[in-house]
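Work through the exercises below with the model open. Try each task before reading its solution.

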Amino acid sequence: MSQPSPASLMAIKIAIVGAGSVGVTTAYALLLSGLAADIVLIDIDKNRAQGEAMDLSHAGHSAQARVRVGEYEDCAGAAAVIITAGVNQKPGQTRMDLVKTNYALFQDVVPRVASNAPETVIVVATNPVDVLTHAAQRLSGFPVQRVIGSGTAMDTTRFRHELGHHYGVNPRNVHAVIIGEHGDSQLPVWSLASIAGMRLRDYCAQKAIDYDQDAMDACSRRTKEAAYEIIRRKGKTNYGVASVLVSIIEPIITNSDAIITVSRVGTYAGVADVALSMPCKLNRNGAHQDVPLLLSESERGQLRESALSIKSFIDSTKVEGV
């Protein structure tokens, strides 16, 4: 597939709704990436957003990009609009505890984005990301492929880090994914996890080491609990998710058909009209699920449980009229 020229990249606009920690860190990562010429910050606190834009502009002295504060009208023509606005998760909270407050915010934000940028791709980072990805798709009226949640892309990155550390290899050489909810019902796909083209048990056999399922379970547990641990220690997560958001934006801008584990609305394990994460092909038209993931029977059952868990929260927002 053809790649855009440097000149065409310099015409790219990305809008970020929410100039909090995640939004601003994402803007900084985008600025340094060179993927966009125009980065627009939209926030209710315009004075604070202006200060962030000024600071980012000073950081971008070697980057050929502009960072500015805008209104929803400035979403027009954006290749993607990233939504990070919302109440942050606090120590002791689950992501689902945020659903009522952030759902109400999306009822205001998403229609304004959609009306001003009807051809854009919406990327949702606000938690609970699966419930809000579903909400954004419904509120925007966009095709499902053009509303993407960051989903388990962050969890997958953390999972590969854990496995790479355990086996003593670079995480980039570990092929393993977390699917389902970006939350407590997420599941690692052990049946497909591999290093150097070999399933983990085969890799261990070739390396003449024991395959330790307890150690693997500990890796997945640390993956699931990572955000809680970071929030307990520093009060927020921002660097990891910002880097993941840029990795999602890149194939949208470059039309490169990268496969990333993201959330979008679909039918999963027999559960219809729910958003959760599966590996998707990303390009300028959004996220596409071209090939069903080959799961074991046990994993299919766990995926269904995850889908039903998310579905219950989606249905509760409809019943309560939030």
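The exercises below cover aromatic pairs, buried residues and annotated sites. The model is predicted.

**Exercise 1. Aromatic pairs**

Find how many aromatic pairs the whole structure holds, and state which parts of the chain each pair ties together.

Solution.

- Step 1. Search the whole structure. The result is 2 aromatic pairs.
- Step 2. Take Phe159 and Trp190. Their ring centres are 5.2 Å apart, with 75 degrees between the planes. Planes over 60 degrees apart count as edge-to-face, and this pair is edge-to-face.
- Step 3. Place the two residues. Phe159 belongs to helix H6, residues 153-167, while Trp190 is in the loop between strand S9 (187-188) and strand S10 (194-195). The pair therefore ties together parts 31 residues apart in sequence.
- Step 4. Check burial. Phe159 has 0% relative accessibility, so Phe159 counts as buried.
- Step 5. Turn to Tyr167 and Tyr203. This pair is edge-to-face too, at 5.8 Å centre to centre and 90 degrees between the planes.
- Step 6. Place these residues. Tyr167 lies in helix H6 and Tyr203 in helix H7 (residues 200-207), so parts 36 residues apart in sequence are tied together. Both Tyr167 and Tyr203 are buried.

**Exercise 2. A charge and a ring**

Which ring does the charged end of Arg146 sit over?

Solution.

- Step 1. Locate the charged end of Arg146. It sits over the ring of Phe142.
- Step 2. Read the distance. The charged end of Arg146 is 4.3 Å from the centre of the Phe142 ring.

**Exercise 3. Ser263**

Is Ser263 buried or exposed, and which side chain does it join in a polar contact?

Solution.

- Step 1. Find the element. Ser263 is part of strand S12, residues 258-268.
- Step 2. Apply the cut-off. Buried means under 20% relative accessible area. Ser263 has 0% relative accessibility, so Ser263 is buried.
- Step 3. Look for a polar partner. The side chains of Ser263 and Asp130 are joined by a polar contact of 2.8 Å.
- Step 4. List neighbours beyond four places in sequence. Ser263 touches Asp130, Thr133, Val147, Ile148, Gly149, Gly151, Ala275, Leu276 and Ser277.

**Exercise 4. The annotated binding site**

Which residues does UniProt place in the feature "binding site", and which of these are in the lining of the second largest pocket?

Solution.

- Step 1. Read the record. The unreviewed UniProt entry gives Gly18, Ala19, Gly20, Ser21, Val22, Gly23, Asp43 and Asn102.
- Step 2. Compare with the pocket. Of these residues, the lining of the second largest pocket includes Gly18, Ala19, Gly20, Ser21, Val22, Gly23 and Asp43.
- Step 3. Inspect Val22. It lies in helix H2, residues 21-33. Its relative accessibility is 16%, so Val22 counts as buried. Beyond four places in sequence, Val22 contacts Thr84, Thr237, Asn238, Val241 and Leu245.
- Step 4. Inspect Gly23. This residue is in helix H2. Gly23 is buried because its relative accessibility is 1%. Beyond four places in sequence, Gly23 contacts Ile16, Gly18 and Thr84.

**Exercise 5. Asn238**

Which side chains make polar contacts with the side chain of Asn238?

Solution.

- Step 1. Place the residue. Asn238 is in the loop between helix H8 (213-234) and helix H9 (239-254).
- Step 2. Check burial. Asn238 has 6% relative accessibility, so Asn238 counts as buried.
- Step 3. Name the partners. The Asn238 side chain joins Thr25 in a polar contact of 3.1 Å. Another polar contact, of 2.8 Å, joins the side chains of Asn238 and Lys234.
- Step 4. Add the contacts beyond four places in sequence. Asn238 is in contact with Ser21, Val22 and Thr25.

**Exercise 6. The annotated active site**

Where is the residue that UniProt lists for "active site", and which backbone oxygen does its side chain reach?

Solution.

- Step 1. Read the record. The unreviewed UniProt entry lists His182.
- Step 2. Place it. His182 is in the loop between strand S8 (178-179) and S9.
- Step 3. Check burial. At 10% relative accessibility, His182 is counted as buried.
- Step 4. Follow the side chain. The His182 side chain reaches the backbone oxygen of Gly151 at 3.3 Å.

Methods. Residues are numbered from 1 along each chain as its sequence is written. This is a predicted model: local features need pLDDT of at least 70, side-chain atom pairs count only at pLDDT 80 or more; totals for chains, interfaces and linings use all residues. Side-chain values use heavy atoms; hydrogens and water are left out. Rings of Phe, Tyr and Trp (its six-membered ring) pair if their centres lie within 6.5 Å; planes under 30 degrees apart count as stacked, over 60 as edge-to-face and the rest as tilted. Helices (H or I, at least four residues) and strands (E, at least two) are DSSP runs, numbered from the N terminus. Buried means under 20% relative accessible area, exposed over 50%, partly exposed in between (1.4 Å probe, protein chains only). A charge sits over a ring if NZ of Lys or CZ of Arg is within 6 Å of the ring centre and within 35 degrees of the ring normal. A polar contact is a pair of N or O atoms within 3.5 Å; within protein, one must be able to donate a hydrogen and the other to accept it, and residues adjacent in sequence count only if both atoms are side-chain atoms. Contact means heavy atoms within 4.5 Å. UniProt positions are given in the numbering used here, feature names are shortened, and annotations may be inferred rather than shown by experiment. On a 1 Å grid over the protein atoms alone, a cavity is a set of points where a 1.4 Å probe fits but cannot get out, and a pocket is an open set with protein on both sides within 12 Å along at least five of seven lines; lining residues have an atom within 4 Å of a point.
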